[in-house]
Amino acid sequence: MAETYGFFDGDAEYGQEEFNQYFNAFLRSGVMVEDDGQMGMNVSRSSSTGNIAYQVAVGMAILRGFWFRNAQPTTLNLTSISSLSRYVRIVVRLSVKEKKVELAVKYGTRSSNPPIPALQRDSEVYEISLAKILQKPSSSATILTDERSDPTVCGAIRPRETTEYDTLLKQQQEQWNTWFESQQGAIGAQRQIDIQATQPEGQVAGRIWIKTY
């Protein structure tokens, strides 16, 4: 059947595929931005004694329409290395086959010039990277890089196809600017509008000064 639709009460049955097609159609995969403007699921070095441990803060993510919530800080331990360095990634991994979304450690190859482990993104597994870590042959020698803001490997949960919306807002702003600039000094002495960087000279009752930068 070429046409599908939903969701209606009745005899039609909806499941994983229909719901994830729906959410994936208008939301890009990524990490949720909290009410304070900060992205959730920040990765930081844990103070666990004797372990190379990193803690993932609380937060929520969406991966191809599947959601994941980290309700409390989660600690992930890295295996130690005795020689050469490697990159490690802390990822959120969706496994369609296993019907699971989870936090995971993704290890790269040890080398004098170590490569960053690639993310798996295919029909079975989809990963987003919260952080990459350069791990050296010492429990204390690690360098962490936050990757949540990079849309190529993670990014924020955001709507798809906002071009038309952004264009509409831009047009409205341009129309407002054109009208507003035409009113500068044209409404008479009672409500003169000055748009400039420096404070206008002289005192005029009702004058409006909009400072530009």
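Biologist: Why is Val96 called partly exposed?

Modeller: In this predicted model, Val96 has a relative accessible area of 26%. Buried means under 20% and exposed means over 50%, so a value in between is called partly exposed. Val96 lies in the loop between β8 and β9.

Biologist: What does Val96 touch, leaving out residues up to four places away in sequence?

Modeller: Val96 touches Gln16, Ser123 and Glu124. The C-alpha atoms of Val96 and Glu124 are separated by 5.3 Å, although 28 residues apart along the chain.

Biologist: What makes strands β8 and β9 a pair?

Modeller: Eight bridges join β8 (residues 86-95) to β9 (residues 100-107). Pairing needs at least two bridges, so these strands pair. They run antiparallel, and Val92 stands opposite Leu103 in β9. The hairpin has four residues between the strands, and Lys99 takes a positive phi near 55° there.

Biologist: Why does Lys132 have no salt bridge?

Modeller: The nearest side chain of opposite charge, Glu147, is 4.3 Å away from Lys132. A salt bridge has to be within 4 Å, so this pair does not count as one. Lys132 is buried and is found in strand β10 (residues 125-135). Glu147 is still one of the contacts of Lys132, because contact means heavy atoms within 4.5 Å.

Biologist: What makes Phe19 eligible for a patch on the surface?

Modeller: Phe19, in helix α1 (residues 16-26), has a relative accessible area of 38%. A patch residue needs over 30%, so Phe19 passes that cut-off. Phe19, Phe23 and Phe26 form a nonpolar patch, with about 250 Å² of accessible area together.

How values were computed:
Residues are numbered from 1 along each chain as its sequence is written. This is a predicted model: local features need pLDDT of at least 70, side-chain atom pairs count only at pLDDT 80 or more; totals for chains, interfaces and linings use all residues. Side-chain values use heavy atoms; hydrogens and water are left out. Patches are made of residues with over 30% relative accessible area and no salt bridge: like charges are joined within 9 Å, nonpolar side chains (Val, Leu, Ile, Met, Phe, Trp, Tyr) within 5 Å. Accessible areas come from the Shrake-Rupley method with a 1.4 Å probe; for residues, only the protein chains shown count as cover. Buried means under 20% relative accessible area, exposed over 50%, partly exposed in between (1.4 Å probe, protein chains only). Lys and Arg count as positive and Asp and Glu as negative; His and the chain ends are not counted.
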